[in-house]
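Morning, everyone. Please have a look at the structure on the screen, and I will walk you through it.

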Amino acid sequence: MSELKIVIVGHVDHGKSTLIGRLLADTGSVPDDRIEAVRRRCVDQGKDMEYAFLLDALEEEQAQGITLDTTRIQFHSAQRNYVIIDAPGHKEFLKNMISGASDADAAFLLIDAEEGVREQTRRHATILKLLGIRQIHVVINKMDLVGYEQAVFEQIVAVCTDALAQVELQALSYIPMAAKHGENILARSAHLDWYQGRTLIETIDTLKAQHPEADAPTRLPVQDIYKFDHRRIVAGRLESGTLQVGDTIVCWPQGTRTRIKSLESWQRNQPLTTLTAGMSVGVTLEDPVFLQRGTVIAREEAPPLVGDHLKVTIYWLGQQPLRAGKRYTIKLTTQETTCEVAAIDHVYDSSDLSTADALDQVPTNFVGEVTLRTKQPLAFDLFTQVAETGRFVILDGFEVSGGGSIVGLADAVNQAK
Ligand code: GDP
């Protein structure tokens with residue numbers, strides 16, 4: 001069974017690392033000697049135990065093997081395995097979230113009880129909305145700093161409910177907590193006896209996988225093509241749906257039709273007959289149809305959209321504003337091509353959703369509703385239909401500078417040949 005993917009977002013210093021460290025320690029997901037080593041280091045420095053350092057220590061250990069700025073932190077409850085998708089640094093975190101590396105099933109929005117909802121909290125909410133993450137719980141941390149007062153908690157709940165409603169989101173629950181002291185993570189706390197709801201771990205165990213991917217249309221973006229024993233093996237990750245030997249498929253955007261001859265697994269020797277979403281595989285095809293990296297294989301009956309004019313919602317992180325007429329690179333699954341902004345219809349600030357006056361650019365940390373014109377036609381879906389092929393990343397030079405979701409198309413053709 002695949003792990004459930006969680007993101008924890010929140011303003012810097014509100015306690016994200018402490019919460020993650022504590023979650024790892026309290027669930028027994030890291031060996032005791034690691035925790036002890038961190039405790040000793042803190043004592044040597046004359047400090048209280050800092051669970052956030054546990055995360056740093058694990059990140060240092062993992063760093064060698066990691067090329068992306070992504071960190072996958074695994075932990076388990078008594079019920080299930082989980083992975084927290086994390087990235088050190090605020091900027092990297094946003095890029096990571098936006099680039100879809102973090103196609104999380106659920107998000108926890110963390111708020112410092114002393115500080116309340118801040119600008120970054122609001123920006124994060126906007127991104128969660130843009131990414132289509134619907135399972136959102138809010139953690140109100142550092143309750144010890146406000147005397148564990150229920151009134152403070154309620155007040156933040158009210159402000160946060162409004163902030164989320166602004167971006168048409170609703171939290172499933174609000175959890176008061178003191179991560180530093182391990183209160184309401186696994187153990188309940190006498191200080192918070194007015195709270196009858198679920199602890200963090202109980203909440204985590206209620207989460208559901210976001211996409212029932214097997215029901216979704218089949219999308220296999222081609223990563224590579226290998227020649228092997230005179231056979232041509234098409235490799236990729238099945239992003240959604242299922243695929244079986246004998247299925248009639250169409251390769252997009254070309255629109256050429258053929259059938260699946262065989263499925264090749266990298267791991268096993270046994271022949272595979274059915275693929276399910278999330279598997280990385282190779283396939284061979286009945287006919288020598290034209291294919292290249294970026295081609296999207298779909299079942300005949302549920303084609304993707306194909307076109308070179310996409311209506312998108314984009315979150316912009318670039319140092320330079322996104323400008324009409326300038327050339328960028330768009331990456332959508334394994335497809336990559338040059339694109340230009342053809343029109344900017346709406347621009348708003350991600351922190352307060354106020355509309356910007358000028359429509360000739362999208363400044364950093366603003367959201368734009370824009371039309372992109374791509375050099376090559378792309379095969380894609382509306383984000384609301386197939387999230388994996390409905391989101392994209394924009395590069396300015398080599399820098400990930402923005403990303404978002406496809407909300408419509410200005411024109412499209414998807415006639416199979
Ligand atoms: P991050 O930037 O969101 O990852 O925040 P950290 O986890 O590094 O925490 C920032 C500071 O807040 C550290 O000094 C923590 O010890 C402190 N902190 C975290 N959680 C709590 C809490 O529940 N109570 C108190 N009093 N301090 C906390």
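Of the 417 residues of this protein, 42% count as buried. Keep in mind that this is a predicted model.

Now the overall size. The C-alpha trace spans about 70 × 60 × 35 Å along its principal axes. The radius of gyration is 23 Å. A compact globule with 417 residues would have a value near 22 Å, so the two agree.

What about contacts? Take the contacts with a separation of 6 or more. Residues 24 or more positions apart account for 72% of them.

Next, the parts list. How many helices and strands does the protein have? It has seven helices and 22 strands. The domain assignment gives domain 1 (4-206), domain 2 (219-299) and domain 3 (305-409). The centres of domain 1 and domain 2, taken over C-alpha atoms, are separated by 39 Å.

On to the helices. I picked two of them. Start with α2, residues 32-44. It has 13 residues. From first C-alpha to last, α2 reaches 18 Å, close to the 18 Å expected at 1.5 Å a residue. Just after α2 comes G46, with a positive phi of about 70°.

Then α5, residues 119-131. This helix also has 13 residues. It reaches 19 Å from its first C-alpha to its last, and the expected value at 1.5 Å a residue is 18 Å, so close again. Just after α5, G132 takes a positive phi of about 75°.

Is α5 largely enclosed or largely open? Largely enclosed by the rest of the structure, because 11 of its 13 residues are buried. Among them are T121, I127 and L131. Look for charged names too: R122, R123 and K129 are buried as well.

Now a loop. Find Q170, between α6 (150-166) and β6 (173-176). Is Q170 buried or exposed? Q170 has 9 C-beta neighbours inside 10 Å, so it counts as exposed. The cut-off for exposed is 12 or fewer. Compare its position with H181. The two are 11 residues apart in sequence. In space they are 28 Å apart, C-alpha to C-alpha.

Now the strands. Six of them form a closed barrel. The order is β7-β8-β13-β11-β10-β14, and the pairing is antiparallel. From one strand to the next, the twist averages 50°. Zoom in on one pair. Strand β8 covers residues 231-237, and strand β13 covers residues 280-285. They pair in the antiparallel sense over four bridges. To find the spot on screen, look for R237, which stands opposite S280 in β13.

Last stop, V347. Where does V347 lie? In strand β18, residues 335-349. V347 has 24 C-beta neighbours inside 10 Å, so it counts as buried. The cut-off here is 20 or more.

Which residues does V347 touch, leaving aside its neighbours within four places in sequence? It is in contact with T355, A356, L359, V362, F366 and G368. Take L359 from that list. V347 and L359 are 12 residues apart along the chain, and their C-alpha atoms are separated by 6.7 Å.

Put the two cases side by side. Q170 and H181, 11 residues apart in sequence, are 28 Å apart in space. V347 and L359, 12 residues apart along the chain, are separated by 6.7 Å.

That is my tour. Over to you.

Notes: Residues numbered from 1 in each chain as written. Predicted model: local features only at pLDDT ≥ 70, side-chain atom pairs only at ≥ 80, totals over all residues. Helix = DSSP H or I, 4+ residues; strand = E, 2+ residues; numbered from the N terminus. Contact = placed C-beta atoms within 7 Å. Pairing = 2+ DSSP bridges. Axes fitted to C-alpha atoms, helices over the stretch in contact; angles between N-to-C directions. Domains from an automatic or database assignment. Expected span 1.5 Å × (residues − 1). Rg over C-alpha atoms; globule rule 2.2 N^0.38 Å.
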